[in-house]
Amino acid sequence: MTSGESFYGGIPVFRGFTSLMDPALYSPLPEDWSIGIADIVDSTRAIAAQRYKAVNMAGAAVIAAVTNALGGREFPFVFGGDGASFAVAPEDVELAREALAATATWVREDLDLTMRVALVPASAIRVQGLDVRVARFGPSANLSYAMFSGGGLAWADAAMKRGEFAVEEAPAGAQPDLSGLSCRFEVMPAARGLILSVLVMPARGVDPQALRKVIEDIIHLVERSPEGGRPVPPQGPPLKWPPQGVEFEARTRRGGPLLARRASVLAYTLFAYFIMRFDIKIGGFVPSLYKRQVVENSDFRKYDDGLRMILDCTPQLERLLSERLAAAARDGIVRYGLHQQDAAMMTCFAPSALRSDHVHFIDGARGGYASAATALKAMM
């Protein structure tokens, strides 16, 4: 067992999201670990050009590339819509660096976007008087994913945007291993009225107990209301053929001309469509079970130095959330951004369809977290 597996694997998994802010759930990142950060430069312009799926694909590619570079070993990560953050042990830093560099090149060449990437030592964060603490939330019995607290991720993100700790792009033509990354499902229309992207960040110097109260109030408003919740339909996301994400998936594949890769993806997704559409069992693959796992494994809520949620909710619940957040902002406790849209979208990372720990990244389908972040910046 590597030191990475020993640390992260040793953190107990918690199940109830309402206990998210309990500091006892979080373990300090070892001093010799590093934080990886990536985001799309000027994602607001890409969103305005309706390139939502490309932006999400770029963010999810970071997680896929690092996971594959580490041979599938578990490590803490979080998807942020237009980017991603993660933590790696010292023995994995160079593998992560190579994966980040290659992903940045791939994003520029294949998605026509610019991605910033950085690796920040945990020790550099703690010099600032901040910390990186990690918890493991289990949305289902199938898998868990990381939550981060302590202010360190937010500082690392700001440092990257200042040009510090940068990882240079790999040479032209470099392509990371993006096996398992896809976006075959259609967008998921709101069932309760609207899809709400929620981003809540602590105000500078805020009292931790005051912040905890606000975050728990927001979570309880959602948990106790029949008017808001997971944006993924109980029967799973819509699936059509050809899928909207054919072009993106073709570009994740290595080797051969792009036309041949498109043809391969079209053929494979047609096969997969019939299996899923008619619930055909193939070997150990059971479509109905996989669909249920897709629903359960969706990451529509998380915490990475701030609360992120993609909710399917009524306008009434949106008003309650907005009023509570506005009051907390007036009291100097939080900064927040909300963004309404009519649908959510999913980007999938499933290295093996026969395993139950495939993860599905959720964002709003018309701006999502990036637009909520824009609203937050406008508030500042």
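Visitor: Which residues are linked with Glu 31 in a network of salt bridges?

Guide: This is a predicted model. One pair is formed by Arg 126 and Glu 31, whose closest N and O atoms are 3.0 Å apart. The network that contains Glu 31 also includes Arg 126, Asp 131 and Arg 133.

Visitor: How many residues apart in sequence are the parts that Arg 126 and Glu 31 tie together?

Guide: Arg 126 forms a salt bridge with Glu 31. Arg 126 belongs to helix α5 (residues 122-126), while Glu 31 sits in the loop between β2 (27-28) and β3 (34-40). The pair therefore ties together parts whose separation in sequence is 95 residues.

Visitor: Is Glu 31 buried, partly exposed or exposed?

Guide: Buried means under 20% relative accessible area and exposed means over 50%, with partly exposed in between. The relative accessibility of Glu 31 is 45%, so Glu 31 counts as partly exposed.

Visitor: Which helix holds both Glu 94 and Arg 97?

Guide: Glu 94 and Arg 97 form a salt bridge, with 3.5 Å between the closest N and O atoms. The two residues are 3 residues apart, about one turn of the helix, and both lie in helix α4 (residues 93-111).

Visitor: Asp 299 forms a salt bridge with Lys 302; is Lys 302 buried or exposed?

Guide: The closest N and O atoms of Asp 299 and Lys 302 are 2.5 Å apart. Asp 299 has a relative accessible area of 4%, and so is buried. For Lys 302 the relative accessibility is 1%, so this residue also counts as buried.

Visitor: How many salt bridges does the count come to?

Guide: The pair of Asp 299 and Lys 302 is one salt bridge, and the pair of Glu 94 and Arg 97 is another. The count comes to 27 salt bridges.

Visitor: How far from Cys 348 is the nearest cysteine sulfur?

Guide: A disulfide requires a pair of cysteine sulfur atoms within 2.5 Å, and the count by this rule comes to 0 disulfides. Cys 348 is accordingly in no disulfide, and the nearest cysteine sulfur, that of Cys 183, lies at a distance of 7.9 Å.

Visitor: What accessible area does the nonpolar surface patch that includes Leu 270 have together?

Guide: Leu 270 lies in helix α9 (residues 258-277) and is partly exposed, because its relative accessible area is 31%. Among the other members of the patch are Trp 241, Tyr 268 and Phe 271. Together, the residues of this nonpolar patch have an accessible area of about 750 Å².

Terms used: Residues numbered from 1 in each chain as written. Predicted model: local features only at pLDDT ≥ 70, side-chain atom pairs only at ≥ 80, totals over all residues. Heavy atoms only, no water. Patch = residues over 30% accessible without salt bridge, like charges linked within 9 Å, V, L, I, M, F, W, Y side chains within 5 Å. Areas by Shrake-Rupley, 256 points an atom, 1.4 Å probe, with all protein chains shown as cover. Salt bridge = Lys/Arg side-chain N within 4 Å of Asp/Glu carboxyl O. Helix = DSSP H or I, 4+ residues; strand = E, 2+ residues; numbered from the N terminus. Buried < 20%, exposed > 50% of the residue type's maximum accessible area, 1.4 Å probe, protein only.
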